[in-house]
Amino acid sequence: MCIRDSLYRALYQKAKGNVFRNKHNLMEHIHKMKNEKRREKQLAEQLNAKKTKEEACRNKARKQELKRRRKEAAEAQTAAVAAKKAQVAAKKAPAAAPAKKAVAGKKTAAAAP
């Protein structure tokens with residue numbers, strides 16, 4: 001059982017001040033303090049692990065979001081370029097002549113047997 005000098009000094013003064021009635025009470029107090037410190041250290045490690053895990057999750061989500069946004073931007077840009085090309089092609093191409101409509105009451109030569 002190893003204790004630090006500062007803890008030893010504090011416990012020594014308490015023992016001389018009749019805080020501990022016997023050696024058994026002193027040993028219980030020492031074990032209790034060691035367990036408390038061990039528990040605090042363990043909780044701090046768990047908290048640190050949780051923080052790093054959450055940070056990794058956030059970074060992963062950010063990367064996925066950036067990837068999705070870049071993909072959407074590339075698709076939008078491609079669609080805009082295609083629309084512009086279609087618009088330019090429509091201006092260059094001559095307007096097609098409107099097709100003649102067949103009159104309902106008259107038969108056309110193609111329709112007659």
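**Close-up views of a predicted model**

Arg 68 counts as partly exposed, with a relative accessibility of 39%. The views below are taken from a predicted model.

**View 1. Arg 68 and its two acidic partners in helix 2.** Arg 68 forms a salt bridge with Glu 65, in which the closest N and O atoms are 2.4 Å apart, and these two residues both lie in helix 2, 3 residues apart, or about one turn of the helix. Arg 68 also forms a salt bridge with Glu 72, where the closest N and O atoms are 2.6 Å apart; this pair likewise lies in helix 2, with a separation of 4 residues, about one turn of the helix. Glu 72 is partly exposed, at 42% relative accessibility.

**View 2. Glu 65 and Arg 69 in helix 2.** The side chain of Glu 65 meets that of Arg 69 in a salt bridge, at 3.0 Å from N to O, and the two residues are 4 residues apart, about one turn of the helix. Glu 65 is partly exposed at 29% relative accessibility, whereas Arg 69 is exposed, its relative accessible area being 52%.

**View 3. The network of salt bridges.** A search of the whole structure finds 3 salt bridges. Through shared partners, salt bridges join Glu 65, Arg 68, Arg 69 and Glu 72 into one network.

**View 4. Asn 18 in the loop between helix 1 and helix 2.** Asn 18 lies in the loop that runs between helix 1 (5-16) and helix 2 (23-92), and is exposed, with a relative accessible area of 66%. The phi of Asn 18 is near 65°, a positive value in a residue that is not glycine. Most residues other than glycine have a negative phi.

How values were computed. Residues are numbered from 1 along each chain as its sequence is written. This is a predicted model: local features need pLDDT of at least 70, side-chain atom pairs count only at pLDDT 80 or more; totals for chains, interfaces and linings use all residues. Side-chain values use heavy atoms; hydrogens and water are left out. Buried means under 20% relative accessible area, exposed over 50%, partly exposed in between (1.4 Å probe, protein chains only). A salt bridge is a side-chain nitrogen of Lys or Arg within 4 Å of a carboxyl oxygen of Asp or Glu.
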